[in-house]
Amino acid sequence: QVQLVESGGGLVQPGGSLRLSCAASGSIRTINAMGWYRQAPGKQRELVATITSSTNYADSVKGRFTISRDNAKNTVYLQMNSLKPEDTAVYYCNANINRYGSRYNYDYWGQGTQVTVSS
């Protein structure tokens, strides 16, 4: 099995920073794309950022958020700066993974971590 475990969420004031981490573990052969998504109350889940050999960001976070990964640790990070109240959401980690013994790649999700931006 494969697990994604997120950490780093919390309460922060507007203009503050947080760093999210997501570590993948289990029977992993390769990890392709990794990314972060978020879901605010009453809204659909939306893409925040993804990383392969390049990075991709939602327009709403460009210039404020930075996604990175450590392939040796099977970990993806999201550095969030200049946070705004509208960034408040549950943030989910996603990874496209090929497991040992499987011909196919599958998407896996973390359990989510709450980020609240409020004064």
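Me: In this predicted model, which residue's backbone nitrogen lies 3.4 Å from a polar atom of the side chain of Thr113?
Reply: Look at the side chain of Thr113. One of its polar atoms lies 3.4 Å from a backbone nitrogen. A polar contact needs N or O atoms within 3.5 Å. The nitrogen belongs to Gly9.

Me: Is Thr113 buried or exposed?
Reply: Thr113 lies in strand S11, residues 113-117. Leaving aside neighbours within four places in sequence, its contacts include Glu6, Leu20 and Tyr91. Its relative accessibility is 11%. The cut-off for buried is under 20%. So Thr113 counts as buried.

Me: Where is Ser102 in the chain?
Reply: Two strands frame Ser102. They are S9 (89-99) and S10 (105-109). Ser102 has 17% relative accessibility and counts as buried. Its place is the loop between S9 and S10.

Me: Which residue's backbone oxygen does the side chain of Ser102 reach?
Reply: The C-alpha atoms of Ser102 and Ile28 are 10.0 Å apart, with these positions 74 residues apart along the chain. The side chain of Ser102 reaches a backbone oxygen at 3.1 Å. That oxygen belongs to Tyr104.

Me: What kind of aromatic pair do Tyr37 and Trp109 form?
Reply: The structure holds 1 aromatic pair. The ring centres of Tyr37 and Trp109 are 5.1 Å apart, and the planes stand at 65 degrees. Planes over 60 degrees apart count as edge-to-face. So the pair is edge-to-face.

Me: How many residues apart in sequence are the parts that this pair ties together?
Reply: Tyr37 lies in strand S4, residues 28-39. Trp109 lies in strand S10. So the pair ties together parts whose separation in sequence, in residues, is 72.

Me: Which residue's charged end sits over the ring of Trp109?
Reply: Trp109 counts as partly exposed, at 38% relative accessibility. A charged end sits over its ring, 4.7 Å from the centre. That charged end belongs to Arg45.

Me: Which strands stand at the edges of the open sheet?
Reply: The sheet has 4 strands in the order S1-S3-S8-S7, with antiparallel pairing. Each edge strand has a single partner strand, so one side of each is left without a neighbour in the sheet. The edge strands are S1 (2-7) and S7 (65-70).

Me: Which residue stands opposite Cys22?
Reply: Strand S3 (residues 18-26) and strand S8 (residues 75-80) run antiparallel, joined by 6 bridges. The residue opposite Cys22 is in S8. It is Val76.

Terms used: Residues are numbered from 1 along each chain as its sequence is written. This is a predicted model: local features need pLDDT of at least 70, side-chain atom pairs count only at pLDDT 80 or more; totals for chains, interfaces and linings use all residues. Side-chain values use heavy atoms; hydrogens and water are left out. Two strands pair if DSSP finds at least two bridges between them. Buried means under 20% relative accessible area, exposed over 50%, partly exposed in between (1.4 Å probe, protein chains only). A polar contact is a pair of N or O atoms within 3.5 Å; within protein, one must be able to donate a hydrogen and the other to accept it, and residues adjacent in sequence count only if both atoms are side-chain atoms. Contact means heavy atoms within 4.5 Å. Rings of Phe, Tyr and Trp (its six-membered ring) pair if their centres lie within 6.5 Å; planes under 30 degrees apart count as stacked, over 60 as edge-to-face and the rest as tilted. A charge sits over a ring if NZ of Lys or CZ of Arg is within 6 Å of the ring centre and within 35 degrees of the ring normal.
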